[in-house]
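User: Hey, I'm new to this one. Can you walk me through it?

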Amino acid sequence: MPRSPEPPVRRPAKALRQHRSRASAPALVFGDLWPYDPAPETAAPDIRPRYELFINGQFVAPKKAGYFDSINPATEEKLSEIALAKTADVDVAFTAAKAAFDGAWGRMPGAERGKYLFRIARLLQDRAREFAVAETLDGGKPIKESRDFDVPAAAAHFFYHAGWADKLDYAFPGPRRPRPIGVVGQIIPWNFPLLMLAWKLAPALACGNCAVLKPAETTSITALKFAEILRDAELPPGVVNFVCGAGEVGAEVVRHPLAAKVAFTGSTEVGKAIMRETAGSGKRLTLELGGKAANIVFDDAPLDQAVEGVVNGIYFNQGHACCAGSRLLVQESIAELFVAKLKTRLATLRVGNPLDKNTDVGAINSRGQLQRIREMVAVGEKEGAVLYQPPGCRLPNKGYWFAPSIFTGVTPSHRVAREEIFGPVLSVLTFRTIEEAIEKANNTAYGLSAGVWTDKGSRILQMSAALKAGVVWANTFNQFDPASPFGGYKESGFGREGGRQGLGAYVKLD
Ligand code: NAP
Ligand code: MG
């Protein structure tokens, strides 16, 4: 009797077999094998013990004296005290901005405005190291990020927009000529303080507007140091004003009758409140809000490269990024291997002193944010997701810290798959087909960014057309350029920052 053929044996991929055979061996912690010597950045941040408000080209005390502390989240030590603006101060700032707009700045030709922007960009470059140290001290992000990303990118935004100042007619060709809007109210968050300031101010000034900007309460220092640069650049008084404080000050900026436009970057919740406040007021509005980006890894992707991209996507800036790749969608056939590689890589991340040049993951920005991350992680565990944190990860005793974390066993209905955690926590989901990947990726209230990892160019094109996200990165993540517009779909907001599209928010066509 003929024998029926043996059923085909499905052999796991070689890398997975190797991984499984090693799985029983004790975990090796990279840092224990080859410890790094401390490499602290020593440049002086030049932070004043007290900062006043910056209004009409001067540092001025608030009308009703009040100051709040800005602390270093890595040590909980006080760095400086910052003047707290009240309604009357916000009003003086808007009045100064309006006077500047109706005066020299409003009449200045674009080519002259551009010179100021170039000067500001160069002055920032001159003081780049000092600003990087100040940003790291005040916000907790690793020095290698503030040094290599935040500060250079902020300067790049001023350079880029300096070039547009005298070419706006070419940016907006047609019978209607671009004109500035007037005084704009701008509110920024704490995750990229100087860079968000540059994203807001550079296009506003290039287009001839004046601004009243509110930095986030926990990270005002680099904005106030930037005010020194504006003075050194001899920017006419009143063109840029900084009012400091918490959310109430932001609300005053939104409400002020002289604000012809409001530009807000922050949470979706506050964005909705601002939308309600400005509705029917005639004020223009752009909102850059939260995100829950999918980073999608197909089985043909270069896996080690994808691991790096996923790590960068979620642990960059401790996960305090609106565009963070906080949902990993990995094809089921490689999920086990990929997660194993990810865990191995996680164990090599250096968490600690943000001023150390080797640090990969710094401090959580504030006690409140740390509390929110802890709450969301507790929710994930309660929902049944499985938490992994590298066993060898030792956190400093003082300051606000959270170990880089991965949730496996996540389903699309889990809150950790739906809500923004804004911390170093990755939720892992799987998919089988391209259609399932698209459906799961788009199954979110947000739509700011996404990542696709595959060897196939045609699949990249298909995915980028199908994904409802303002930015889709392919075989990379977290790439930014001032010429490239950035912004969201759905609850991630509307309006673009960067590029010609970003300029459009700061002009009216007459
Ligand atoms: P947030 O609470 O909305 O705060 C953002 C800014 O708005 C801060 O300066 C805040 O002041 C101020 N603010 C708070 N309440 C306000 C109100 N009622 N009216 C006017 N201003 C008010 O957001 P966050 O938690 O600090 O920042 C994280 C959020 O920002 C995340 O959701 C993230 O995704 C989003 N984000 C988005 C982008 C983007 O480009 N789409 C970029 C970065 C961050 P205080 O903080 O000083 O109280
Ligand atoms: Mg601080």
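Analyst: Sure, and one term up front: a polar contact here is a pair of N or O atoms within 3.5 Å. Keep in mind too that this is a predicted model.

User: Okay, so which polar backbone atom does a nitrogen atom of ligand 1 sit 3.5 Å from?

Analyst: That one belongs to Ala-251; the distance to the nitrogen atom of ligand 1 is 3.5 Å.

User: And what about oxygen atoms of ligand 1, what's 3.0 Å from one of those?

Analyst: An N or O atom in the side chain of Lys-214 is 3.0 Å from an oxygen atom of ligand 1. Gly-266 also takes part, with a backbone N or O atom 3.2 Å from an oxygen atom of the ligand.

User: How much of ligand 1 does the protein cover?

Analyst: On its own, ligand 1 has 890 Å² of accessible area, and the protein covers 86% of that.

User: How many residues surround it, and which are the closest?

Analyst: Ligand 1 is surrounded by 28 residues. The closest are Trp-190, Glu-217, Ser-267, Leu-289 and Glu-420.

User: Switching to the magnesium ion (ligand 2): what are its protein donors?

Analyst: Ile-71 and Thr-218 each give their O atom, while Asp-138 gives both O and OD. These donors lie 2.3 to 2.5 Å from the magnesium ion. Along the sequence, the donor residues follow the spacing I-x66-D-x79-T.

User: Where do Ile-71 and Thr-218 sit in the chain?

Analyst: Ile-71 is in strand β4, and Thr-218 is in the loop between β8 (210-214) and α10 (221-232). They are 147 residues apart, so the pair links distant parts of the chain.

User: Are those two buried or partly exposed?

Analyst: Ile-71 counts as partly exposed, at 28% relative accessibility. Thr-218 is partly exposed as well, at 25%.

User: New topic, salt bridges. How many are there?

Analyst: The count comes to 29 salt bridges. One of them pairs Glu-76 with Arg-367, whose closest N and O atoms are 3.3 Å apart.

User: What does that pair tie together?

Analyst: Glu-76 lies in the loop between β4 (67-72) and β5 (77-83), and Arg-367 is in helix α15 (residues 367-383), so the salt bridge ties together parts that are 291 residues apart in sequence. Glu-76 is partly exposed at 30% relative accessibility, and Arg-367 is exposed at 52%.

User: Got a salt bridge within a helix?

Analyst: Yes, Glu-252 and Arg-255, with closest N and O atoms 3.8 Å apart. They are 3 residues apart in helix α11 (residues 247-255), so about one helical turn separates them. In general, an α-helix has 3.6 residues a turn, so residues three or four places apart point the same way. Arg-255 is partly exposed, at 43% relative accessibility.

User: Which residues do salt bridges with shared partners join into one network?

Analyst: That network holds Arg-48, Arg-127, Glu-130, Lys-225, Glu-228 and Asp-232.

User: Last thing: how many residues does helix α9 have, and how far does it reach?

Analyst: Helix α9 (residues 193-206) has 14 residues and reaches 20 Å from its first C-alpha to its last, close to the 20 Å expected.

User: Is it enclosed or out in the open?

Analyst: Of its 14 residues, 14 are buried, so α9 is largely enclosed by the rest of the structure. After α9 comes Gly-208, which has a positive phi near 95 degrees.

Note on methods
Residues numbered from 1 in each chain as written. Chains lettered and ligands numbered in written order. Predicted model: local features only at pLDDT ≥ 70, side-chain atom pairs only at ≥ 80, totals over all residues. Heavy atoms only, no water. Salt bridge = Lys/Arg side-chain N within 4 Å of Asp/Glu carboxyl O. Helix = DSSP H or I, 4+ residues; strand = E, 2+ residues; numbered from the N terminus. Buried < 20%, exposed > 50% of the residue type's maximum accessible area, 1.4 Å probe, protein only. Expected span 1.5 Å × (residues − 1). Donors = N, O, S within 2.8 Å, 3.2 Å for Na, K, Ca; no water. Near = heavy atom within 4 Å. Polar contact = N/O pair within 3.5 Å; in protein donor to acceptor, adjacent residues only side chain to side chain. Areas by Shrake-Rupley, 256 points an atom, 1.4 Å probe, with all protein chains shown as cover.
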